[in-house]
2 protein chains.
Amino acid sequence: MSTKNKILDAAESLFADKGFNGTSLREITSQAEVNLAAVNYHFGSKKELIKAVMSRYMNELSPRLETALIQICESESPSLIEVFSAFIDPLLSLNEFKNNGTSNFLQLLGRGYTDSQGFLRWFLTTQYPGVIDNFVIAVHKAYPELSAEEMFWRLHFTMGTVVFTMSSSEALIDIAKSDFERELQISDVIHNVIPYVAAGVGAPMPSNTRS
Amino acid sequence: MSTKNKILDAAESLFADKGFNGTSLREITSQAEVNLAAVNYHFGSKKELIKAVMSRYMNELSPRLETALIQICESESPSLIEVFSAFIDPLLSLNEFKNNGTSNFLQLLGRGYTDSQGFLRWFLTTQYPGVIDNFVIAVHKAYPELSAEEMFWRLHFTMGTVVFTMSSSEALIDIAKSDFERELQISDVIHNVIPYVAAGVGAPMPSNTRS
DNA sequence: CGTTATTTTAAACGCTTGTTTAAACTGCTT
DNA sequence: AAGCAGTTTAAACAAGCGTTTAAAATAACG
């Protein structure tokens with residue numbers, strides 16, 4: 001395996017575990033068993049390494065997500081459950097792409113939104129707008145009465161639910177194991193969260209009596 | 001104002017903005033206009049300072065939250081909207097306790113769950129179990145059919161929604177301002193999120209056909 | 001084989017981090 | 001006024017950070 005990939009693999013799991021700020025290049029290179037300077041030689045800087053780790057996943061995921069969402073839109077009136085379920089297969093396909101891929105990617109997504117003051121949010125929304133656009137279209141088809149403003153809020157709430165859940169998914173799976181004696185996996189968590197976010201996005205429009 | 005409080009105030013807003021890992025003691029002491037060593041003199045360590053910042057809010061909030069939730073439980077069959085609405089007044093009361101108190105506290109809560117590998121989660125659940133217990137009881141009264149396991153998951157989803165939303169609430173309020181020309185405040189965000197989480201928690205139990 | 005080009009390596013760079021030290025200063029009591 | 005506990009201060013500490021350098025090792029090619 002190439003040095004570049006060894007670094008990417010080590011960085012990925014460490015970033016997912018301890019965040020971007022919380023992981024040093026020395027930890028990465030020692031887990032990858034490469035020289036410290038290799039990061040700056042191959043990637044230029046730590047920031048570029050973070051982007052490279054994210055890009056590797058997004059380039060894999062983004063086209064699958066887009067086609068899945070476009071396919072949903074072809075239906076006359078999809079349900080919100082159907083819309084959100086469109087994420088399942090593309091996300092789980094990351095597990096074939098790499099061990100723990102789904103879990104790692106979703107954790108990284110969560111880190112990116114809270115670490116480093118949102119530069120990753122900029123990165124994703126500017127580099128991969130196709131996913132977001134198609135998602136908005138699909139939700140609109142499933143719930144046309146939802147105003148643009150409510151849509152904005154509820155999609156961000158959904159992002160929060162997913163991202164937060166996944167960034168602490170390992171801890172949650174552990175608790176579920178000890179409290180309910182259930183051996184769950186990341187796919188179970190995904191299946192669990194979908195009814196929740198679908199119901200949240202599908203909540204009735206509040207009567208317009210705000211200040 | 002005492003040195004101790006000057007430090008607490010500066011640390012609070014900086015922690016909320018940039019996270020615990022992302023804020024140095026030198027930033028804190030220079031914003032507080034006190035000597036660097038004052039933090040270790042008054043609090044012992046950075047970790048203890050973080051606890052002190054959180055405790056100041058939790059000691060204010062926790063009793064109000066408990067009584068509000070207990071009051072909800074006295075009702076025969078509260079709705080989920082009512083249960084979640086019980087949080088509004090206690091949370092907004094933090095704004096009288098301190099400028100931007102509500103927003104700062106909720107952001108800190110979000111930071112605590114993702115920074116520092118969850119030591120704050122331990123801190124809150126062990127130090128303030130009364131809030132969580134009463135909340136679970138209230139939700140159970142509002143939705144008795146919800147199994148313990150589903151309850152566990154959905155409350156964590158809710159935590160994720162709220163915590164993530166609030167940790168990026170400033171950015172969201174800015175976007176809402178430019179996109180929809182609405183001048184929103186933290187109280188508007190809270191009122192917005194309640195129908196979402198209430199619908200999420202109230203989602204129908206999935207048919208038990210999982211693997 | 002010899003000569004480039006690419007990659008790896010050890011060492012050092014300058015800087016920031018949390019924490020500690022010991023001296024200076026403050027306000028109070030006797 | 002002297003002494004004393006509580007507090008503040010400047011300076012230094014060791015450790016860790018991301019990054020750079022220049023030499024050594026390896027690979028690629030005519």
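In this report, a helix is a DSSP run of H or I with at least four residues, and a strand is a DSSP run of E with at least two. The model described here is predicted.

**Chain A as a whole**

By these criteria, chain A contains 12 helices and 0 strands. Read from the N terminus, the order of its elements is α-α-α-α-α-α-α-α-α-α-α-α. Along the principal axes, the C-alpha atoms of chain A occupy a box of roughly 60 × 45 × 40 Å. The radius of gyration of chain A is 19 Å, which agrees with the value near 17 Å for a compact globule of 211 residues. Of the 211 residues in chain A, 43% are buried. Among the contacts in chain A with a separation of 6 or more, 70% join residues 24 or more positions apart.

**The contact between the chains**

Chain A and chain B meet in a contact that takes 38 residues from chain B and 38 residues from chain A. On the side of chain B that touches chain A, the elements giving two or more residues are helix 7 (101-114), helix 10 (148-167), helix 11 (169-180) and helix 12 (186-201) of chain B. Helix 10 of chain B gives the most to this side, with 12 residues. The classes of the residues on this side are set out below, together with those of the surface near DNA strand C.

| Surface | Nonpolar | Polar | Charged |
|---|---|---|---|
| Side of chain B that touches chain A | 17 residues | 16 residues | 5 residues |
| Surface near DNA strand C | 8 residues | 5 residues | 2 residues |

**The surroundings of DNA strand C**

DNA strand C is surrounded by 15 residues, of which the closest are Thr3(A), Asn35(A), Ala37(A), Ser24(B) and Ser45(B). Both protein chains are thus represented among the closest residues. Helix 3 (38-43) of chain A and helix 2 (25-32) of chain B each supply at least two residues of the surface near DNA strand C.

**One residue in detail: Ser45(B)**

Ser45(B), one of the closest residues to DNA strand C, lies in the loop between helix 3 (38-43) and helix 4 (46-74) of chain B. A residue is exposed if 12 or fewer other C-beta atoms lie within 10 Å of its own. Ser45(B) counts as exposed because it has 11 C-beta neighbours inside 10 Å. In sequence, Ser45(B) and Leu25(B) are 20 residues apart, while in space they are 9.8 Å apart, C-alpha to C-alpha.

Key
Residues numbered from 1 in each chain as written. Chains lettered and ligands numbered in written order. Predicted model: local features only at pLDDT ≥ 70, side-chain atom pairs only at ≥ 80, totals over all residues. Buried ≥ 20, exposed ≤ 12 C-beta atoms within 10 Å, placed from the backbone. Near = placed C-beta within 6 Å. Nonpolar A, V, L, I, M, F, W, Y, C, P; charged D, E, K, R; others polar. Contact = placed C-beta atoms within 7 Å. Rg over C-alpha atoms; globule rule 2.2 N^0.38 Å.
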